[in-house]
Amino acid sequence: MQRSLRSLFLFVLACCFAVGGPAFAQEKPKTLMELLFPRNNSEPKAKPAKPKPQTPKARNRTAAKRSGTGQDNAPASLISAPIVPLPEKSPTAKKILVIGDFLAAGTASGLTTTFEQSADVIVTDATNGSSGLVRDDFYNWPSQVATLITSQQPAIVVVMLGANDRQQLTVNGKREEVRSPLWLAEYRNRVGALARAITSRNIPLVWIGQVPFKSSAMTADMLALNDIFREAADNSKIGSSYIDVWEGFVDETGKFIERGPDINGQTVALRNGQINVTKAGYRKIAFYAERTLNRLLGDVVLEGKQLIEQAGFPPLSLNPQPVGPNLERNRPIDVLGTEMTTGNTLLGATVQPSKPAPLSPPALVPSGRIDDLKPKP
């Protein structure tokens with residue numbers, strides 16, 4: 001019997017080697033029951049994986065691929081905000097005339113950005129990058145500004161000069177060094193002449209001061225010139241003003257900085273090297289002058305005015321109702337003794353105080369009750 005079982009086992013084992021071949025040696029050895037009663041070796045098919053939920057951004061990319069546009073041609077709303085067209089300038093727009101040197105040219109660009117959304121203001125750049133007040137033989141600003149005012153008819157003149165004036169100045173046929181007493185006196189006279197050439201035509205003057213430079217010697221010279229510019233603006237009439245921009249280009253210790261906060265408070269590059277100013281820096285200079293210019297222009301509502309009206313809101317009034325002597329004031333409401341429950345009397349009217357209702361006699365309490373507080377005999 002044992003011999004028969006051994007023979008049967010060897011026969012089955014030989015059959016398995018014949019069928020499986022070399023692959024059988026790589027598989028896990030099977031038991032006798034698995035050999036006698038083989039199972040179905042076909043493995044169940046794997047279930048398809050469920051797709052992961054897509055984010056709106058991924059769905060937009062997929063839709064762009066299916067439409068053949070690709071990711072680079074996604075809807076514009078996903079890339080950037082729509083561009084608002086600039087309004088056309090009004091024929092009666094007030095004009096800001098900017099004169100001065102290369103820094104004034106950049107400031108004119110900053111002012112153009114400031115007032116680009118206003119149809120009521122135009123910024124005109126009449127600067128000369130190499131000009132100043134020392135080399136009047138090269139460019140004479142007092143005489144040139146008279147011609148510009150006649151041709152442009154500006155409402156305001158903005159001046160920014162001095163960066164090119166760190167050079168000798170001829171006084172009485174003699175060349176004087178920068179910031180010598182005679183140099184300062186002559187330079188003060190030329191600044192005053194330019195200011196009078198503007199204000200004598202009943203045009204407000206806005207003089208923007210110089211910015212600091214990395215060189216300590218240049219910075220010291222600009223501080224001296226700013227004192228002269230401030231004095232000339234203060235002595236002028238017709239609402240003239242001096243705009244001090246110095247603090248916007250130095251750190252808390254008063255030192256020159258190349259990076260600092262822009263008009264939105266973000267740290268950006270304000271200077272391009274030791275002298276030049278970046279676009280963000282010029283926009284900052286314009287920001288310093290914006291409030292004064294708005295006041296001189298008659299409190300015209302500037303940036304964002306057209307955007308508000310395009311959104312469907314009522315237009316902003318440029319002539320607010322006066323307050324002060326014409327403001328009607330009412331006496332405060334008397335909360336003591338005034339009948340507040342009536343709704344047919346306007347505020348401010350004379351209201352007679354109501355008479356208090358007579359008090360009803362207290363109810364009699366039976367004797368012996370807990371709330372009987374009558375004195376006992």
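This report describes the sheet, the salt bridges and the aromatic contacts of a predicted model.

## The open sheet

The model contains an open sheet of 5 strands, arranged in the order S2-S1-S3-S6-S7 and paired in parallel. The edges are formed by S2 and strand S7 (241–243); each has a single partner strand, so one side of each is left without a neighbour in the sheet. On average, and with direction ignored, neighbouring strands of this sheet are turned by 20° against each other.

## Strand S1 and its partners

Strand S1 covers residues 94–100, and 6 of its 7 residues are buried, so the strand is largely enclosed by the rest of the structure. Towards strand S2 (residues 121–125), S1 is joined by 5 bridges, and the two strands run parallel. Within this pairing, Lys94 has Val121 of S2 as its bridge partner. Between S1 and S2 the chain passes through helix H6 (residues 102–114), and the resulting β-α-β crossover is right-handed.

S1 is also paired with strand S3 (residues 156–160), again in parallel, through 5 bridges. Two of the residue partnerships may be named here. Ile96 has Ile156 of S3 as its bridge partner, and Ile99 has Val159 of S3.

## Salt bridges between separate parts of the chain

The count of salt bridges in the model comes to 9. One of them joins Asp221 to Arg166, with the closest N and O atoms 2.7 Å apart. Asp221 belongs to helix H9 (residues 216–235), whereas Arg166 lies in the loop between S3 and strand S4 (169–171), so the pair ties together parts that are 55 residues apart in sequence. The two residues can also be described by their accessibility. Asp221 counts as buried, at 9% relative accessibility, while Arg166 is partly exposed, with a relative accessible area of 32%.

Helix H9 takes part in another such contact, in which the side chains of Arg188 and Glu231 meet in a salt bridge with an N to O distance of 3.3 Å. Arg188 lies in helix H8 (residues 181–199) and Glu231 in helix H9, and this pair links distant parts of the chain, 43 residues apart. Arg188 is partly exposed at 36% relative accessibility, and Glu231 is partly exposed at 36% as well.

## Other salt bridges

A further salt bridge is formed by Asp227 and Arg230, whose closest N and O atoms are 3.4 Å apart. Both residues lie in helix H9, where they are 3 residues apart, about one turn of the helix. Asp227 is partly exposed, at 48% relative accessibility; Arg230 is likewise partly exposed, with a relative accessible area of 29%.

Salt bridges also occur as a linked group: Asp136, Glu186 and Arg190 are connected in a network.

## Aromatic pairs

A pair of aromatic rings is described by the distance of the centres and the angle of the planes. A search of the whole structure finds 4 aromatic pairs. In one of them, Tyr139 and Trp141 have ring centres 4.7 Å apart and planes at 65°, so the pair is edge-to-face. Tyr139 is buried, with a relative accessible area of 17%, and Trp141 is buried, with a relative accessible area of 0%.

Trp183 and Tyr187 form a stacked aromatic pair, with 5.0 Å from centre to centre and 5° between the planes. These two residues are 4 residues apart in helix H8, a separation of about one helical turn. Trp183 is buried, with a relative accessible area of 1%, and Tyr187 counts as buried at 0% relative accessibility.

## An aromatic cluster and a charge over a ring

Trp183 and Tyr187 also belong to one aromatic cluster, together with Trp207 and Phe229.

Another contact in the model involves a charge and a ring. The charged end of Lys284 sits over the ring of Phe249, at 5.7 Å from the centre of that ring.

Technical notes: Residues numbered from 1 in each chain as written. Predicted model: local features only at pLDDT ≥ 70, side-chain atom pairs only at ≥ 80, totals over all residues. Heavy atoms only, no water. Buried < 20%, exposed > 50% of the residue type's maximum accessible area, 1.4 Å probe, protein only. Pairing = 2+ DSSP bridges. Right-handed = clockwise from strand over helix to strand, strands pointing away. Salt bridge = Lys/Arg side-chain N within 4 Å of Asp/Glu carboxyl O. Phe/Tyr/Trp six-rings, centres within 6.5 Å; stacked < 30°, edge-to-face > 60°. Lys NZ or Arg CZ within 6 Å of the ring centre and 35° of its normal. Axes fitted to C-alpha atoms, helices over the stretch in contact; angles between N-to-C directions.
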